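Grab a pencil and keep the viewer open. Here are a few exercises, each followed by a worked solution.

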Amino acid sequence: MTTTTATRTAKPTTDSVVSFENVTKSYGTVRAVDGLSLTLHPGETVALLGPNGAGKSSTLDLLLGLRPADSGSVRIFGTTPREAVAAGRVGAMLQSGGLMEEVTVREIVALGCALHPRPHPVDKVLSRAGIDKIADRRVDKLSGGQEQRVRFALATAGHNDLIVLDEPTTGMDVTARQSFWATMREQADQGRTVLFATHYLEEADAIADRVLVLSKGRLLADGTAAEIKAKAGARKISFDLPAAVGTDIEQLRALPFLTAFEHHGDTVRIQSRDADATVHAVYGLGLYPRNLEVAGLGLEQAFIALTEAEEATQ
Ligand SMILES: Nc1ncnc2c1ncn2[C@@H]1O[C@H](COP(=O)(O)OP(=O)(O)OP(=O)(O)O)[C@@H](O)[C@H]1O
(Lines give C-alpha, C1' and ligand atoms only; values in the text may rest on other atoms or scores of the structure.)
Protein backbone atom coordinates (compact mmCIF):
# COMPACT_ATOMS: atom_id res chain seq x y z
CA MET A 1 0.00 0.00 0.00
CA THR A 2 2.06 2.88 -1.21
CA THR A 3 -0.66 5.37 -2.09
CA THR A 4 -1.35 8.04 0.48
CA THR A 5 -4.55 9.90 1.16
CA ALA A 6 -2.89 13.23 0.55
CA THR A 7 -2.00 12.41 -3.05
CA ARG A 8 -5.38 11.02 -4.04
CA THR A 9 -8.31 12.97 -5.33
CA ALA A 10 -11.71 11.85 -6.54
CA LYS A 11 -11.71 11.27 -10.30
CA PRO A 12 -14.49 13.36 -11.81
CA THR A 13 -16.02 11.99 -14.97
CA THR A 14 -19.46 12.01 -16.48
CA ASP A 15 -19.58 8.33 -17.52
CA SER A 16 -21.54 5.99 -15.32
CA VAL A 17 -20.34 2.45 -14.66
CA VAL A 18 -22.84 1.64 -11.92
CA SER A 19 -26.03 3.47 -11.14
CA PHE A 20 -28.39 2.77 -8.24
CA GLU A 21 -31.56 4.84 -8.19
CA ASN A 22 -33.64 4.73 -5.04
CA VAL A 23 -33.06 1.00 -4.58
CA THR A 24 -34.70 -0.92 -1.75
CA LYS A 25 -34.40 -4.54 -0.67
CA SER A 26 -36.04 -6.17 2.34
CA TYR A 27 -35.86 -9.66 3.76
CA GLY A 28 -39.17 -10.08 5.58
CA THR A 29 -39.31 -7.18 8.00
CA VAL A 30 -35.59 -6.37 7.71
CA ARG A 31 -34.90 -3.51 5.30
CA ALA A 32 -31.34 -4.31 4.17
CA VAL A 33 -31.11 -1.60 1.47
CA ASP A 34 -33.19 1.51 1.97
CA GLY A 35 -33.60 3.99 -0.88
CA LEU A 36 -29.98 3.78 -2.04
CA SER A 37 -28.87 6.05 -4.89
CA LEU A 38 -25.28 6.25 -6.11
CA THR A 39 -23.19 6.41 -9.27
CA LEU A 40 -19.73 4.92 -9.83
CA HIS A 41 -17.40 6.18 -12.57
CA PRO A 42 -14.65 4.58 -14.69
CA GLY A 43 -11.27 4.17 -12.99
CA GLU A 44 -12.57 4.81 -9.49
CA THR A 45 -11.51 2.60 -6.60
CA VAL A 46 -14.39 2.73 -4.17
CA ALA A 47 -14.55 1.32 -0.65
CA LEU A 48 -17.91 0.33 0.81
CA LEU A 49 -17.84 0.58 4.59
CA GLY A 50 -20.47 -0.03 7.22
CA PRO A 51 -21.03 -1.84 10.49
CA ASN A 52 -22.21 -5.48 10.53
CA GLY A 53 -25.64 -5.70 8.95
CA ALA A 54 -25.37 -2.27 7.25
CA GLY A 55 -26.33 -3.77 3.89
CA LYS A 56 -22.95 -4.00 2.15
CA SER A 57 -23.27 -7.60 0.92
CA SER A 58 -26.91 -7.03 -0.03
CA THR A 59 -25.86 -4.00 -2.08
CA LEU A 60 -23.20 -6.05 -3.88
CA ASP A 61 -25.70 -8.91 -4.47
CA LEU A 62 -28.12 -6.43 -6.07
CA LEU A 63 -25.31 -4.95 -8.11
CA LEU A 64 -24.36 -8.37 -9.47
CA GLY A 65 -27.97 -9.34 -10.18
CA LEU A 66 -27.80 -12.19 -7.64
CA ARG A 67 -30.98 -10.86 -6.01
CA PRO A 68 -33.71 -8.66 -7.47
CA ALA A 69 -34.39 -5.24 -5.95
CA ASP A 70 -37.86 -4.71 -4.46
CA SER A 71 -37.98 -1.27 -6.07
CA GLY A 72 -35.70 1.22 -7.78
CA SER A 73 -33.25 0.64 -10.61
CA VAL A 74 -29.78 -0.93 -10.76
CA ARG A 75 -27.83 -0.47 -14.00
CA ILE A 76 -24.29 -1.43 -14.98
CA PHE A 77 -22.91 0.23 -18.13
CA GLY A 78 -26.50 1.17 -18.92
CA THR A 79 -27.72 -2.45 -18.96
CA THR A 80 -29.15 -4.80 -16.34
CA PRO A 81 -26.64 -6.44 -13.98
CA ARG A 82 -27.30 -9.86 -15.54
CA GLU A 83 -26.61 -8.54 -19.05
CA ALA A 84 -23.38 -6.89 -17.90
CA VAL A 85 -22.23 -10.08 -16.12
CA ALA A 86 -23.15 -12.25 -19.15
CA ALA A 87 -21.14 -9.92 -21.39
CA GLY A 88 -18.09 -10.54 -19.18
CA ARG A 89 -17.82 -6.92 -18.13
CA VAL A 90 -17.95 -7.68 -14.39
CA GLY A 91 -15.57 -9.76 -12.24
CA ALA A 92 -16.59 -10.59 -8.69
CA MET A 93 -15.01 -12.01 -5.58
CA LEU A 94 -17.62 -12.78 -2.95
CA GLN A 95 -17.33 -13.83 0.68
CA SER A 96 -19.44 -16.89 0.34
CA GLY A 97 -19.79 -19.43 -2.40
CA GLY A 98 -17.76 -22.60 -2.01
CA LEU A 99 -15.08 -23.40 -4.54
CA MET A 100 -15.41 -26.65 -6.48
CA GLU A 101 -13.67 -29.47 -4.65
CA GLU A 102 -11.59 -32.37 -6.02
CA VAL A 103 -10.11 -30.22 -8.77
CA THR A 104 -6.72 -28.56 -8.81
CA VAL A 105 -6.09 -24.85 -8.59
CA ARG A 106 -5.04 -24.81 -12.26
CA GLU A 107 -8.18 -26.68 -13.33
CA ILE A 108 -10.57 -24.31 -11.57
CA VAL A 109 -8.72 -21.24 -12.86
CA ALA A 110 -8.65 -22.71 -16.39
CA LEU A 111 -12.42 -23.23 -16.14
CA GLY A 112 -12.88 -19.61 -14.99
CA CYS A 113 -10.85 -18.45 -18.00
CA ALA A 114 -12.74 -20.76 -20.40
CA LEU A 115 -16.08 -19.37 -19.23
CA HIS A 116 -15.00 -15.75 -19.64
CA PRO A 117 -15.85 -14.10 -22.98
CA ARG A 118 -12.54 -12.16 -22.94
CA PRO A 119 -10.14 -14.42 -20.96
CA HIS A 120 -6.55 -13.77 -19.90
CA PRO A 121 -3.99 -16.62 -20.33
CA VAL A 122 -4.31 -19.12 -17.46
CA ASP A 123 -0.63 -18.86 -16.47
CA LYS A 124 -0.87 -15.09 -16.23
CA VAL A 125 -3.95 -15.33 -14.01
CA LEU A 126 -2.25 -17.89 -11.75
CA SER A 127 0.94 -15.89 -11.34
CA ARG A 128 -0.86 -12.58 -10.79
CA ALA A 129 -2.84 -14.15 -7.94
CA GLY A 130 0.37 -15.68 -6.51
CA ILE A 131 -0.91 -19.25 -6.87
CA ASP A 132 1.32 -20.50 -9.69
CA LYS A 133 3.41 -22.50 -7.22
CA ILE A 134 0.36 -24.30 -5.84
CA ALA A 135 -1.33 -24.75 -9.22
CA ASP A 136 -1.32 -28.56 -8.94
CA ARG A 137 -2.71 -28.66 -5.40
CA ARG A 138 -6.31 -29.70 -4.85
CA VAL A 139 -8.64 -26.84 -3.99
CA ASP A 140 -10.03 -28.62 -0.90
CA LYS A 141 -6.49 -28.80 0.58
CA LEU A 142 -5.90 -25.03 0.55
CA SER A 143 -5.61 -22.71 3.53
CA GLY A 144 -8.16 -19.90 3.96
CA GLY A 145 -5.78 -17.28 2.55
CA GLN A 146 -4.91 -19.51 -0.44
CA GLU A 147 -8.63 -20.00 -1.15
CA GLN A 148 -9.02 -16.22 -1.17
CA ARG A 149 -6.23 -15.99 -3.74
CA VAL A 150 -8.06 -18.52 -5.93
CA ARG A 151 -11.24 -16.40 -5.67
CA PHE A 152 -9.14 -13.39 -6.63
CA ALA A 153 -7.80 -15.32 -9.67
CA LEU A 154 -11.35 -16.20 -10.72
CA ALA A 155 -12.43 -12.55 -10.36
CA THR A 156 -9.62 -11.48 -12.67
CA ALA A 157 -9.76 -14.40 -15.18
CA GLY A 158 -10.72 -12.07 -18.02
CA HIS A 159 -10.86 -8.44 -19.11
CA ASN A 160 -13.48 -6.91 -16.82
CA ASP A 161 -14.50 -3.27 -16.72
CA LEU A 162 -15.89 -3.50 -13.18
CA ILE A 163 -14.44 -5.57 -10.35
CA VAL A 164 -16.59 -6.17 -7.28
CA LEU A 165 -14.95 -7.53 -4.13
CA ASP A 166 -16.66 -8.45 -0.86
CA GLU A 167 -14.12 -8.36 1.99
CA PRO A 168 -11.44 -9.63 -0.40
CA THR A 169 -8.40 -9.71 1.88
CA THR A 170 -9.94 -11.57 4.81
CA GLY A 171 -7.53 -14.35 5.71
CA MET A 172 -4.70 -13.07 3.48
CA ASP A 173 -1.28 -12.49 5.00
CA VAL A 174 0.48 -9.13 4.70
CA THR A 175 2.39 -10.02 1.52
CA ALA A 176 -0.73 -11.36 -0.16
CA ARG A 177 -2.64 -8.21 0.77
CA GLN A 178 0.04 -5.95 -0.62
CA SER A 179 0.29 -7.78 -3.94
CA PHE A 180 -3.49 -8.02 -4.11
CA TRP A 181 -3.92 -4.25 -3.75
CA ALA A 182 -1.03 -3.52 -6.11
CA THR A 183 -2.86 -5.58 -8.75
CA MET A 184 -6.15 -3.83 -8.06
CA ARG A 185 -4.40 -0.46 -8.35
CA GLU A 186 -3.07 -1.49 -11.79
CA GLN A 187 -6.59 -2.48 -12.82
CA ALA A 188 -7.93 0.92 -11.76
CA ASP A 189 -5.06 2.72 -13.49
CA GLN A 190 -6.12 0.95 -16.70
CA GLY A 191 -9.55 2.55 -16.35
CA ARG A 192 -11.39 -0.26 -14.57
CA THR A 193 -13.69 0.48 -11.66
CA VAL A 194 -13.01 -1.40 -8.45
CA LEU A 195 -15.67 -1.57 -5.73
CA PHE A 196 -14.79 -3.35 -2.50
CA ALA A 197 -16.59 -3.89 0.79
CA THR A 198 -14.29 -4.08 3.78
CA HIS A 199 -14.04 -3.93 7.54
CA TYR A 200 -10.34 -2.98 7.27
CA LEU A 201 -10.56 0.78 7.45
CA GLU A 202 -6.84 1.24 6.97
CA GLU A 203 -7.19 -0.48 3.57
CA ALA A 204 -10.01 1.85 2.60
CA ASP A 205 -7.91 4.83 3.71
CA ALA A 206 -4.84 3.68 1.79
CA ILE A 207 -6.47 2.32 -1.36
CA ALA A 208 -9.76 4.01 -2.14
CA ASP A 209 -10.22 7.27 -4.07
CA ARG A 210 -13.75 7.30 -2.75
CA VAL A 211 -15.38 5.94 0.39
CA LEU A 212 -19.08 5.12 0.79
CA VAL A 213 -20.34 4.63 4.34
CA LEU A 214 -23.54 2.62 4.67
CA SER A 215 -25.66 2.36 7.77
CA LYS A 216 -29.01 0.57 7.92
CA GLY A 217 -29.08 0.29 4.15
CA ARG A 218 -28.68 4.03 3.66
CA LEU A 219 -25.75 6.06 2.38
CA LEU A 220 -24.41 7.99 5.35
CA ALA A 221 -21.35 9.54 3.70
CA ASP A 222 -19.77 9.61 0.24
CA GLY A 223 -16.43 11.25 -0.48
CA THR A 224 -12.67 10.87 -0.29
CA ALA A 225 -11.27 9.46 2.96
CA ALA A 226 -10.21 13.01 3.86
CA GLU A 227 -13.74 14.30 3.28
CA ILE A 228 -15.22 11.51 5.40
CA LYS A 229 -12.82 12.38 8.22
CA ALA A 230 -13.79 16.04 7.97
CA LYS A 231 -17.50 15.17 7.87
CA ALA A 232 -17.20 13.34 11.17
CA GLY A 233 -16.39 16.79 12.54
CA ALA A 234 -14.77 15.70 15.77
CA ARG A 235 -11.07 16.19 16.53
CA LYS A 236 -8.94 14.30 19.00
CA ILE A 237 -7.15 16.04 21.84
CA SER A 238 -4.55 14.47 24.08
CA PHE A 239 -2.51 15.86 26.97
CA ASP A 240 -0.77 14.86 30.15
CA LEU A 241 -2.02 16.06 33.48
CA PRO A 242 0.51 14.96 36.08
CA ALA A 243 -0.94 14.32 39.51
CA ALA A 244 -4.54 14.78 38.35
CA VAL A 245 -6.90 13.85 41.17
CA GLY A 246 -10.46 12.48 41.11
CA THR A 247 -12.22 15.84 40.99
CA ASP A 248 -10.07 17.02 38.09
CA ILE A 249 -11.02 13.90 36.14
CA GLU A 250 -14.72 14.38 36.85
CA GLN A 251 -14.44 18.00 35.70
CA LEU A 252 -12.66 16.88 32.54
CA ARG A 253 -15.39 14.35 31.79
CA ALA A 254 -17.90 17.19 31.96
CA LEU A 255 -16.02 19.38 29.44
CA PRO A 256 -18.14 20.87 26.64
CA PHE A 257 -18.46 19.23 23.19
CA LEU A 258 -16.91 15.88 24.21
CA THR A 259 -17.78 12.82 22.14
CA ALA A 260 -15.27 10.44 23.78
CA PHE A 261 -13.17 10.43 26.93
CA GLU A 262 -10.30 8.17 28.05
CA HIS A 263 -7.93 8.53 30.97
CA HIS A 264 -4.87 6.33 31.59
CA GLY A 265 -2.40 7.33 34.31
CA ASP A 266 -1.43 10.95 33.66
CA THR A 267 -2.64 10.90 30.04
CA VAL A 268 -6.04 12.13 28.93
CA ARG A 269 -7.39 11.40 25.42
CA ILE A 270 -10.62 12.97 24.32
CA GLN A 271 -12.60 13.70 21.18
CA SER A 272 -14.48 16.93 20.79
CA ARG A 273 -16.87 18.47 18.27
CA ASP A 274 -15.26 21.85 19.03
CA ALA A 275 -11.63 21.34 19.97
CA ASP A 276 -10.92 25.06 20.47
CA ALA A 277 -13.77 25.46 22.96
CA THR A 278 -12.83 22.24 24.78
CA VAL A 279 -9.16 23.22 25.15
CA HIS A 280 -10.20 26.68 26.31
CA ALA A 281 -12.43 25.05 28.95
CA VAL A 282 -9.53 22.86 30.18
CA TYR A 283 -7.53 26.00 30.96
CA GLY A 284 -10.71 27.53 32.39
CA LEU A 285 -10.68 24.78 35.04
CA GLY A 286 -7.34 26.14 36.22
CA LEU A 287 -5.54 23.01 34.98
CA TYR A 288 -2.19 23.09 33.17
CA PRO A 289 -2.08 20.33 30.54
CA ARG A 290 1.33 19.31 29.18
CA ASN A 291 2.18 17.86 25.75
CA LEU A 292 -1.13 19.10 24.37
CA GLU A 293 -1.92 17.77 20.89
CA VAL A 294 -4.96 18.39 18.71
CA ALA A 295 -5.43 16.33 15.52
CA GLY A 296 -8.08 15.23 13.06
CA LEU A 297 -9.67 11.81 13.42
CA GLY A 298 -8.36 8.77 11.58
CA LEU A 299 -10.79 7.09 9.19
CA GLU A 300 -11.61 4.45 11.79
CA GLN A 301 -12.50 7.00 14.45
CA ALA A 302 -14.42 9.08 11.90
CA PHE A 303 -16.34 5.96 10.86
CA ILE A 304 -17.24 5.18 14.48
CA ALA A 305 -18.25 8.79 15.16
CA LEU A 306 -20.48 8.89 12.03
CA THR A 307 -22.17 5.54 12.55
CA GLU A 308 -22.68 6.09 16.29
CA ALA A 309 -24.20 9.52 15.60
CA GLU A 310 -26.58 7.83 13.13
CA GLU A 311 -27.52 5.16 15.73
CA ALA A 312 -28.23 7.92 18.26
CA THR A 313 -30.77 9.56 15.91
CA GLN A 314 -32.92 6.38 15.72
N1 LIG B 1 -30.99 -13.89 3.11
C2 LIG B 1 -31.34 -13.10 4.12
N3 LIG B 1 -32.46 -13.33 4.82
C4 LIG B 1 -32.83 -12.54 5.83
N5 LIG B 1 -32.15 -11.45 6.25
C6 LIG B 1 -31.01 -11.18 5.59
C7 LIG B 1 -30.53 -11.97 4.51
N8 LIG B 1 -29.37 -11.45 4.05
C9 LIG B 1 -29.13 -10.37 4.83
N10 LIG B 1 -30.10 -10.21 5.75
C11 LIG B 1 -30.19 -9.12 6.74
O12 LIG B 1 -30.09 -7.89 6.03
C13 LIG B 1 -29.29 -6.97 6.75
C14 LIG B 1 -28.09 -6.54 5.89
O15 LIG B 1 -27.25 -7.66 5.73
P16 LIG B 1 -25.91 -7.61 4.85
O17 LIG B 1 -25.34 -9.00 4.85
O18 LIG B 1 -26.22 -6.99 3.54
O19 LIG B 1 -25.01 -6.62 5.70
P20 LIG B 1 -23.42 -6.38 5.67
O21 LIG B 1 -23.23 -4.91 5.76
O22 LIG B 1 -22.84 -7.07 4.49
O23 LIG B 1 -22.99 -7.08 7.02
P24 LIG B 1 -21.57 -7.74 7.46
O25 LIG B 1 -20.60 -6.62 7.62
O26 LIG B 1 -21.92 -8.35 8.78
O27 LIG B 1 -21.17 -8.74 6.41
C28 LIG B 1 -28.89 -7.65 8.04
O29 LIG B 1 -29.79 -7.25 9.05
C30 LIG B 1 -29.05 -9.12 7.72
O31 LIG B 1 -29.36 -9.86 8.90
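**Exercise 1.** Sort the residues of the shell around the ligand into nonpolar, polar and charged, then find which element gives the most to that shell.

*Solution.* Start with the list: the ligand is surrounded by Tyr27, Val30, Ala32, Gly50, Asn52, Gly53, Ala54, Gly55, Lys56, Ser57 and Ser58, where near means a C-beta atom, placed from the backbone, within 6 Å of the molecule. Next, sort them. Ala, Val, Leu, Ile, Met, Phe, Trp, Tyr, Cys and Pro count as nonpolar, Asp, Glu, Lys and Arg as charged, and the others, Gly among them, as polar. That gives four nonpolar, six polar and one charged. Finally, look at the elements (helices are DSSP runs of H or I, at least four residues, and strands are runs of E, at least two, numbered from the N terminus). β2 (30-40) and α1 (56-63) each supply at least two residues, and α1 gives the most, with three.

A word on the model: it is predicted, with local features needing pLDDT of at least 70 and side-chain atom pairs counting only at pLDDT 80 or more, while totals for chains, interfaces and linings use all residues. Numbering runs from 1 along each chain as its sequence is written.

**Exercise 2.** Work out how β1 is joined to β2.

*Solution.* Strands pair if DSSP finds at least two bridges between them. Here eight bridges join β1 (residues 18-27) to β2, and the two run antiparallel. For one such bridge, take phenylalanine 20, whose partner in β2 is leucine 38. Now check the hairpin: two residues lie between the strands, and glycine 28 takes a positive phi near 60°.

**Exercise 3.** Trace the open sheet of four strands and say which strands stand at its edges, and what packs on it.

*Solution.* First, write the order, β11-β12-β10-β13, with antiparallel pairing. β11 (258-264) and β13 (290-296) are the edge strands; each has a single partner, so one side of each is left without a neighbour in the sheet. Then add helix α10 (residues 275-284), which packs on the sheet and touches β10 (235-240), β11, β12 and β13 (contact means C-beta atoms, placed from the backbone, within 7 Å). The direction of α10 makes about 20° with that of β10; axes are lines fitted to C-alpha atoms, for helices over the stretch in contact, and angles run from 0 to 180 degrees between N-to-C directions. To finish, six bridges join β11 to β12 (residues 267-272), and histidine 264 has threonine 267 as its bridge partner in β12.

Key:
Two residues are in contact if their C-beta atoms, placed from the backbone, lie within 7 Å.
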